[in-house]
Amino acid sequence: MFERIRGRIGSRSAEPEALSPDNLPQHVAIIMDGNGRWAKERGLPRAAGHRSGMKAVKRAVRAANRLGIRFLTLYAFSTENWKRPKAEVDFLMRLPQEFLAIELDELIENNVQVRMIGQREGLPAHTLEAIDEAIRRTAGNAGLVLNFALNYGSRKEMLEAVRALAREAAEGRLDPEAITESDFESRLQTCGMPEPDLLIRTSGELRISNFMMWQLAYSELWFTDIYWPEFTEAHFYEAVGEYQRRTRRYGGL
Ligand SMILES: Cc1cc(N2CCCCCC2)n2ncc(-c3ccc(F)cc3)c2n1
């Protein structure tokens with residue numbers, strides 16, 4: 001098997017102990033790319049890449065918990081993903097319940113709160129049932145908020161927010177000239193969440209891909225060539241270390 005040079009942890013320290021507790025990102029968002037290519041390079045079916053990607057989800061959650069990150073948003077399925085072959089979409093739609101069947105008890109033990117952003121409409125009932133049960137069973141948890149973006153698209157999210165504001169204005173409940181950024185943000189599905197301080201994207205893609213476009217306006221972006229199934233806790237710590245180097249505060253604001 002040829003050895004890909006990519007994927008080696010950079011020269012920088014990727015140990016949690018090397019990170020400053022005073023300048024941690026509150027909210028980390030991840031576009032988990034490269035599952036299909038990871039599988040293809042190994043002569044495996046795409047489903048094997050997605051399943052391996054689920055293990056990387058667990059590593060990212062563990063790393064976020066270890067650092068005390070407050071919010072972790074994972075882009076699990078975009079509105080554009082419906083264009084994939086039916087067999088792959090059907091497989092993907094079973095992963096939430098597969099993941100939760102394995103991980104939910106440990107998530108609860110670690111005080112993790114599960115949330116979802118995205119359109120419920122169009123998701124299979126079995127997928128929603130599993131997610132709703134996880135949301136219900138973890139609603140009172142005060143630890144890491146693990147937020148899955150599922151059937152999510154930023155333009156759709158922003159369009160729905162605009163429609164809500166337009167309805168309120170048309171009903172005379174809102175003065176259009178008085179609408180603020182905060183009014184708009186409160187109608188987004190991420191209402192109540194801080195904006196991501198750090199976005200991680202794997203597999204060498206250098207695009208935002210219709211993900212949290214309003215929310216990511218001021219986020220640090222960290223890209224890596226490794227494929228998502230190769231993502232480890234050390235990669236998470238390396239990304240946070242880079243975030244800290246960019247936002248060094250020297251005690252200032
Ligand atoms: C559709 C999909 C795909 C999916 N992949 C595995 C990770 C790589 C990206 C694509 C495939 N994962 N991984 C976890 C979930 C999930 C979603 C909601 C939830 F409440 C619990 C777990 C998931 N959902």
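A residue counts as buried when its relative accessible area is under 20%, as exposed when over 50%, and as partly exposed in between. By that rule Asn81, with a relative accessible area of 14%, is buried. The model discussed here is predicted. The points below cover two sets of positions taken from an unreviewed UniProt entry, Asp33 and Asn81 as "active site" and Asp33 and Glu220 as "binding site", followed by one helix pair.

**Annotated active site**

- The unreviewed UniProt entry gives the annotation "active site" to Asp33 and Asn81.
- These residues are spread over 49 residues of sequence but cluster in space, with a largest C-alpha distance of 12.2 Å.
- Both Asp33 and Asn81 are included in the lining of the largest pocket.
- Asn81 sits in the loop that runs between β2 (71-78) and α3 (86-92).

**Asp33 and its surroundings**

- Asp33 is found in the loop between β1 (27-31) and α1 (35-41).
- The relative accessibility of Asp33 is 18%, so this residue counts as buried.
- Apart from neighbours within four places in sequence, Asp33 is in contact with Arg201, Thr202, Ser203, Glu205, Tyr227 and Trp228.
- With Arg201, the side chain of Asp33 forms a polar contact of 2.5 Å.

**Annotated binding site**

- The feature "binding site" in the unreviewed UniProt entry is placed at Asp33 and Glu220.
- From this set, Asp33 is taken in by the lining of the largest pocket.
- Glu220 belongs to strand β6 (residues 220-223).
- Is Glu220 buried, partly exposed or exposed? Its relative accessible area is 22%, so Glu220 is partly exposed.
- When neighbours within four places in sequence are left aside, the contacts of Glu220 are Asp197, Leu198, Leu199, Tyr243, Arg246 and Thr247.

**Packing of α4 and α5**

- Two packed helices are described by the angle between their axes and by the distance between those axes.
- For helix α4 (residues 95-109) and helix α5 (residues 125-138), the angle is about 10° and the axes are 10 Å apart.
- Angles under 35 degrees count as roughly parallel, and α4 and α5 are therefore roughly parallel to each other.
- On the α4 side, the contact is made by Pro96, Gln97, Leu100, Leu104, Asp105 and Ile108.
- On the α5 side, the contributing residues are His126, Thr127, Ala130, Ile131, Ala134, Arg137 and Thr138.

Terms used. Residues numbered from 1 in each chain as written. Predicted model: local features only at pLDDT ≥ 70, side-chain atom pairs only at ≥ 80, totals over all residues. Heavy atoms only, no water. UniProt positions renumbered as here; feature names shortened; annotations may be inferred. 1 Å grid on protein atoms, 1.4 Å probe; cavity = no way out; pocket = protein on both sides within 12 Å on 5 of 7 lines; lining within 4 Å. Helix = DSSP H or I, 4+ residues; strand = E, 2+ residues; numbered from the N terminus. Buried < 20%, exposed > 50% of the residue type's maximum accessible area, 1.4 Å probe, protein only. Contact = heavy atoms within 4.5 Å. Polar contact = N/O pair within 3.5 Å; in protein donor to acceptor, adjacent residues only side chain to side chain. Axes fitted to C-alpha atoms, helices over the stretch in contact; angles between N-to-C directions. Parallel < 35°, antiparallel > 145°, perpendicular 65-115°, else oblique.
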